[in-house]
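Dear colleague,

Please find below the structure I am handing over to you, together with its sequence. My notes on it follow.

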Amino acid sequence: MSETFNSKGHWDGIYEAKQIGDFSWYQAVPSSSLESIKELKLSHDAKIIDAGGGDTYLVDYLLEQGYNSLTVLDISSKAIARAKERLGKNADKVEWVVSNVIDFHADVQYDLWHDRAAFHFLTQPADIKKYLEIVRNHIKKDGYLLIATFSENGPKKCSGIEIKQYSLTALQQTFQAHFDCIRSENMDHTTPSGAVQNFSFCVFQPN
Ligand SMILES: C[S@@+](CC[C@H](N)C(=O)[O-])C[C@H]1O[C@@H](n2cnc3c(N)ncnc32)[C@H](O)[C@@H]1O
């Protein structure tokens with residue numbers, strides 16, 4: 001990802017300019033992620049991180065379902081502040097991290113690393129390599145990595161920013177040195193303005 005498009009200021013500006021329901025990525029209910037997470041049959045103590053979670057509702061639903069070790073990471077402090085405000089007292093049950101994902105380090109390994117529509121903003125090989133190292137180091141041996149990116153039939157940009165498209169095969173190849181794909185699917189997301197965006201969605205386990 002180039003510095004221009006990667007900056008915290010850029011994302012903060014986006015979060016200052018619009019409300020949650022105006023974002024192209026908005027989902028009133030993040031059903032695809034929730035259904036996949038349900039299938040993993042994780043315990044309520046499972047350590048789950050939503051990388052590039054922004055101020056979306058996945059964390060709300062996971063809290064409601066009883067998950068008690070949730071982390072939301074985002075480059076935008078504005079996004080995190082909005083999510084915290086929305087959750088009120090429940091925000092205290094979540095660990096919040098403002099960081100560029102490629103600078104992230106924690107002395108924790110997660111049972112699930114979830115990333116919907118954040119990884120694909122990494123367009124530079126060096127940044128993708130850093131991301132791969134980070135997920136490799138932060139996911140338990142029997143943990144899971146769930147990644148959703150725009151597919152080869154999806155948009156080439158998001159919020160005016162160039163993204164890297166992945167076919168299901170390309171996504172699997174990107175992670176294959178350290179992760180096996182256990183489920184993959186293309187799925188359509190309809191934006192609030194009615195546009196259809198095709199995603200590549202893969203669940204991986206360390207190999
Ligand atoms: C398209 S939104 C997706 C939000 C959410 N994951 C969803 O699916 O609704 C991308 C999010 O990733 C965050 N983001 C982009 N680049 C990032 C980076 N390098 N590190 C951490 N977060 C990043 C943005 O601030 C934004 O909240």
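**Strands β1 and β2**

Strands β1 and β2 pair in the parallel sense over 5 bridges; two strands are taken to pair if DSSP finds at least two bridges between them. Within this pairing, Ile49 stands opposite Thr71 in β2. Strand β2 covers residues 69–74, and 5 of its 6 residues are buried. Buried means under 20% relative accessible area, exposed means over 50%, and partly exposed lies in between, with a 1.4 Å probe and protein chains only. Helices (H or I, at least four residues) and strands (E, at least two) are DSSP runs, numbered from the N terminus.

**Basis of the values**

This is a predicted model, in which local features need pLDDT of at least 70 and side-chain atom pairs count only at pLDDT 80 or more, while totals for chains, interfaces and linings use all residues. Residues are numbered from 1 along each chain as its sequence is written, and side-chain values use heavy atoms, with hydrogens and water left out.

**The ligand and its surroundings**

The ligand is surrounded by 20 residues, of which the closest are Tyr15, Gly52, Thr56, Asp74 and Arg116; a residue is counted here if one of its heavy atoms lies within 4 Å of the molecule. Several backbone atoms make polar contacts with ligand nitrogen atoms. A polar contact is a pair of N or O atoms within 3.5 Å; within protein, one must be able to donate a hydrogen and the other to accept it, and residues adjacent in sequence count only if both atoms are side-chain atoms. A backbone N or O atom of Gly52 lies 2.8 Å from a nitrogen atom of the ligand. For Val101, the distance from a polar backbone atom to a ligand nitrogen is 2.8 Å, and for Ile75 the corresponding value is 3.2 Å. Taken alone, the ligand exposes 590 Å², and the protein buries 98% of that; these areas come from the Shrake-Rupley method with a 1.4 Å probe, and for residues only the protein chains shown count as cover.

Thr56 lies in the loop between β1 (47–51) and α4 and is buried at 18% relative accessibility. A polar atom of the Thr56 side chain is 2.5 Å from the backbone oxygen of Gly53. Leaving aside neighbours within four places in sequence, Thr56 is in contact (heavy atoms within 4.5 Å) with Ile20, Trp25, Asp50 and Arg86.

In helix α4 lies Asp60, which is buried with a relative accessible area of 18%. With neighbours within four places again left aside, Asp60 is in contact with Arg86 and Leu87. Asp60 and Val29 are 31 residues apart in sequence, and their C-alpha atoms are 9.8 Å apart in space.

**Helix α3 and its cover**

In helix α3 (residues 31–39), the buried residues are Ser32, Ser33, Leu34, Ser36 and Ile37. The elements that cover them include α4 (58–64), β4 (110–116), β5 (139–150), β8 (179–190) and β9 (196–206). Just after α3, Lys41 takes a positive phi of about 50°.

**Salt bridges and the β8–β9 hairpin**

Side chains of opposite charge can pair when their charged atoms come close. How many salt bridges does the model contain? The count comes to 8, where a salt bridge is a side-chain nitrogen of Lys or Arg within 4 Å of a carboxyl oxygen of Asp or Glu.

One of these joins Glu39 to Arg183, with the closest N and O atoms 3.4 Å apart. The pair links distant parts of the chain, since Glu39 is in helix α3 and Arg183 is in strand β8, 144 residues apart. Arg183 also meets Glu185 in a salt bridge of 2.7 Å, N to O, and Glu39, Arg183 and Glu185 are thus linked in a network of salt bridges. Arg183 is partly exposed at 25% relative accessible area, and Glu185 is partly exposed at 32%.

Strands β8 and β9 run antiparallel and are joined by 11 bridges. The bridge partner of Glu185 in β9 is Phe201. Their hairpin has 5 residues between the strands, and in it Gly194 takes a positive phi near 95°.

Another salt bridge lies in helix α2 (residues 8–17), where Lys8 and Asp12 are 4 residues apart, about one turn of the helix. Their N to O distance is 2.4 Å. Lys8 is partly exposed at 35% relative accessible area, whereas Asp12 is buried at 9%.

With kind regards
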